[in-house]
Every structure is written in structure tokens, then in C-alpha cells.
Amino acid sequence: MFKQTLLIIAASLLLSACGKGGISDFSAPENTPVAQVFKEGCVRCHGSDGGGMLFGLMFALEPQGKSATELATTILSGREKMPAFAALSEKQRMALANHILALRNTEAK
Ligand code: HEC
């Protein structure tokens, strides 16, 4: 029983870590600073500066020209390999969207 539970946990961790899109149950307390939410939920795919993995070959965020609302909708619904983060609050998704815009705009300077 215990072993099975561990197996299930390991399997779901693996699945969420290598990312097949789908639905993420990642959540954070409402008052968590957005940078920390990003770090815990998004960095493993998007990198700490949003520039993606493997030197930007994978999952780089290119939010320039998009509105925070548009990005927040993608965070809510997911897209292709981007999981849907429906367990985060609307406020958190908007904060993440603005965080991403800030991250990527700073880098482009
Ligand atoms: C499993 C890997 C993975 C995780 C974890 C992940 N993303 Fe993504 N994300 C992607 C991929 C892949 C795309 C590109 C989707 C596509 O092909 O359209 C993407 C796209 C996006 C976009 C759309 C960018 C645009 O230009 O429209 C936003 C915004 C975004 N992610 C935010 C986040 C946030 C915020 C988190 C954390 C809460 C997060 N992502 C976690 C893989 C991931």
C-alpha cells in the first residue's frame, strides 16, 4: 500500500516535471510573492529569467506585444505543452503575466 502510494507520487512528479501540458494542480497561498510563485511553478520550464531552457531553445517566453490579460488566459487554459494552471487565483495569474512581461522587457534592453 505504502509502496503503491510512493509509486503514484513518483509517477505524477515525473509527469509534471517533464511536462506534457495538461492540467497542473500547482497552487500557492494567495499572499505568496509573485517571484516565488514563478520560481516554484514556472522556472522548470521557462527558466529563472523566462528565457527558457537549453539556452533558450525550449520554452522561452516571448510575451512582447501581448497584453497581461492575454497571457493570464494562456496561464489559465494552457496551450500545447503549456499546462493549464487553473488552481492559481485570477489575481495570481495576472501577477504572473505582469511578472513575465517585466522579466522579458528588462532582458531585451
Ligand atoms: C511543463 C512546462 C511548462 C510549465 C511548468 C509552465 N509552462 Fe508556460 N509554456 C510552456 C510551453 C511549452 C509554452 C508554449 C506553448 C505553445 O506552444 O503555444 C508555454 C507558454 C506560456 C505562455 C504564453 C506565452 C505567449 O507568448 O503567449 C505563458 C504566459 C506562460 N507559458 C506562463 C507560464 C507560467 C506563469 C507558468 C507557471 C505558473 C508556466 N508557464 C509554467 C511550458 C510550461
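This briefing describes the fold, confidence, packing and selected loop residues of a predicted protein model. The model is predicted, so local features require pLDDT of at least 70 and side-chain atom pairs count only at pLDDT 80 or more, while totals for chains, interfaces and linings use all residues. Residues are numbered from 1 along each chain as its sequence is written. The protein contains five helices and zero strands, where helices (H or I, at least four residues) and strands (E, at least two) are DSSP runs numbered from the N terminus.

**Overall organisation and confidence**

- Read from the N terminus, the order of elements is α-α-α-α-α.
- The protein has 109 residues, of which 18% are buried; a residue is buried if 20 or more other C-beta atoms lie within 10 Å of its own, exposed if 12 or fewer, and partly exposed in between, with C-beta atoms placed from the backbone.
- Of the contacts between residues at least 6 apart in sequence, 63% join residues at least 24 apart; a contact requires the C-beta atoms of two residues, placed from the backbone, to lie within 7 Å.
- Mean pLDDT, the predictor's confidence in each residue from 0 to 100, is 85 for the protein, and 78% of the residues reach 70 or more.
- Among the elements, helix 1 (residues 2-18) has the lowest mean pLDDT, 54, and helix 2 has the highest, 97.
- Where pLDDT is low, the predicted coordinates should not be read in detail.

**Buried faces of helices 2 and 4**

- In helix 2 (residues 34-41), the buried residues are Val37, Phe38 and Gly41.
- Viewed down the axis of helix 2, these buried residues fall within an arc of 100°, so they line one face of the helix; the arc is that of the directions from the helix axis to the C-beta atoms.
- Helix 4 (residues 68-77) has Leu71, Ala72 and Ile75 as its buried residues.
- The buried residues of helix 4 cover an arc of only 100° around the axis, and therefore lie on the same side of the helix.
- Thr69 and Glu70 are exposed on the other side of helix 4.

**Nonpolar core**

- The largest nonpolar core has 14 residues, and those touching the most other members are Phe38, Leu71, Ala72, Ile75, Leu96, Ala97 and Ile100; such a core is a set of buried Ala, Val, Leu, Ile, Met, Phe, Trp, Tyr and Cys residues joined through C-beta atoms within 7 Å.
- Helix 2, helix 4 and helix 5 each give two or more residues to this core, and helix 5 supplies the largest share, five residues.
- Apart from neighbours within four places in sequence, Ala97 is in contact with Ala68, Leu71, Ala72 and Ile75.

**Loop between helix 3 and helix 4**

- Gly52 lies in this loop and is partly exposed, because 16 other C-beta atoms lie within 10 Å.
- Gly52 and Cys42 are ten residues apart in sequence, with a C-alpha to C-alpha distance of 9.9 Å.
- Beyond neighbours within four places in sequence, the contacts of Gly52 are His46, Gly47, Leu57, Met58, Phe59 and Ala60.
- Phe59 also belongs to the loop between helix 3 (43-46) and helix 4, and its phi is near 65°, a positive value in a residue other than glycine.
- Phe59 counts as partly exposed because it has 18 C-beta neighbours inside 10 Å.

**After helix 4**

- Gly78, just after helix 4, takes a positive phi of about 75°.
- Glu80 lies in the loop between helix 4 and helix 5 (90-108), and its phi is near 45°, a positive value in a residue other than glycine.
- With 5 C-beta neighbours inside 10 Å, Glu80 is classed as exposed.
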